[in-house]
Amino acid sequence: MGIPVFLAELRELVGQRALWLSAVTVVVVDEDGQVLLGRRADNGAWALIGGIIDPGEQPADAAVRECLEETGVTVEPQALISVTVSPVVDYPNGDRCQYLELTFRCRPLAGEACVNDDESLEVAWFRPDALPALDASAQERIELALAGNSTAYFAPAGA
């Protein structure tokens, strides 16, 4: 999996030091209440769709772009459902990052779910009562999206 050009250029300057990056996560919910997930190529785990926001890119535009790039599905963001900070992520190559995570609930507009890049092994729709194993963060974001609230969740200090 490639990294964005701006990030590769930044890595040339700062090496593997921890970077603070902004990212979007997309919880796509169809008219039947199913959730779109991708099985990651890097670790084989099922996960929500998402990625790094490019410099100057609007977060909602990044959500649309990431979903289309990864799944072939065009979405419409409906609500910002959470604003959280990830733990520090240590990548196998030694790079370190921590993410400001903006999670959007989206509805699909067009396209058939498919593996659309090299970041996923599979892409599929799942009923909420039949989700594959997911990390706690993804489970919480799905619960927030399915609750249908229009107010974003903010993680409490120290969480």
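Buried here means under 20% relative accessible area and exposed means over 50%, a convention applied in the following close-up views of a predicted model.

**View 1. Buried and exposed residues of helix α3.** By this cut-off A138, R141, I142 and A145 of α3 are buried; because these residues cover an arc of only 100 degrees around the axis, they lie on the same side of α3. An α-helix has 3.6 residues a turn, so residues three or four places apart point the same way. The other side of α3 carries A136, E143 and A147, which are exposed. The cover over the buried residues of α3 includes the strands β1 (19–28), β2 (35–40), β5 (74–85) and β7 (96–110).

**View 2. Length and ends of helix α3.** The 12 residues of α3, 136–147, reach 16 Å from the first C-alpha to the last, which is close to the 16 Å expected at 1.5 Å a residue. At the N-terminal end, α3 is capped by D135, a side-chain oxygen of which lies 3.2 Å from the backbone nitrogen of S137. After the helix comes G148, with a positive phi near 75 degrees.

**View 3. The open sheet with the strand order β3-β2-β8.** Three strands make up this open sheet, and their pairing is antiparallel. Its edge strands are β3 (46–47) and β8 (120–126), each of which pairs on one side only. Between β2 and β8 the antiparallel pairing extends over six bridges, and R40 has S120 in β8 as its bridge partner. Strand β2 is also among the elements that cover the buried residues of α3.

Definitions and conventions:
Residues are numbered from 1 along each chain as its sequence is written. This is a predicted model: local features need pLDDT of at least 70, side-chain atom pairs count only at pLDDT 80 or more; totals for chains, interfaces and linings use all residues. Side-chain values use heavy atoms; hydrogens and water are left out. Helices (H or I, at least four residues) and strands (E, at least two) are DSSP runs, numbered from the N terminus. The expected span of a helix is 1.5 Å times one less than its number of residues. Buried means under 20% relative accessible area, exposed over 50%, partly exposed in between (1.4 Å probe, protein chains only). The arc is that of the directions from the helix axis to the C-beta atoms. Contact means heavy atoms within 4.5 Å. A polar contact is a pair of N or O atoms within 3.5 Å; within protein, one must be able to donate a hydrogen and the other to accept it, and residues adjacent in sequence count only if both atoms are side-chain atoms. Two strands pair if DSSP finds at least two bridges between them.
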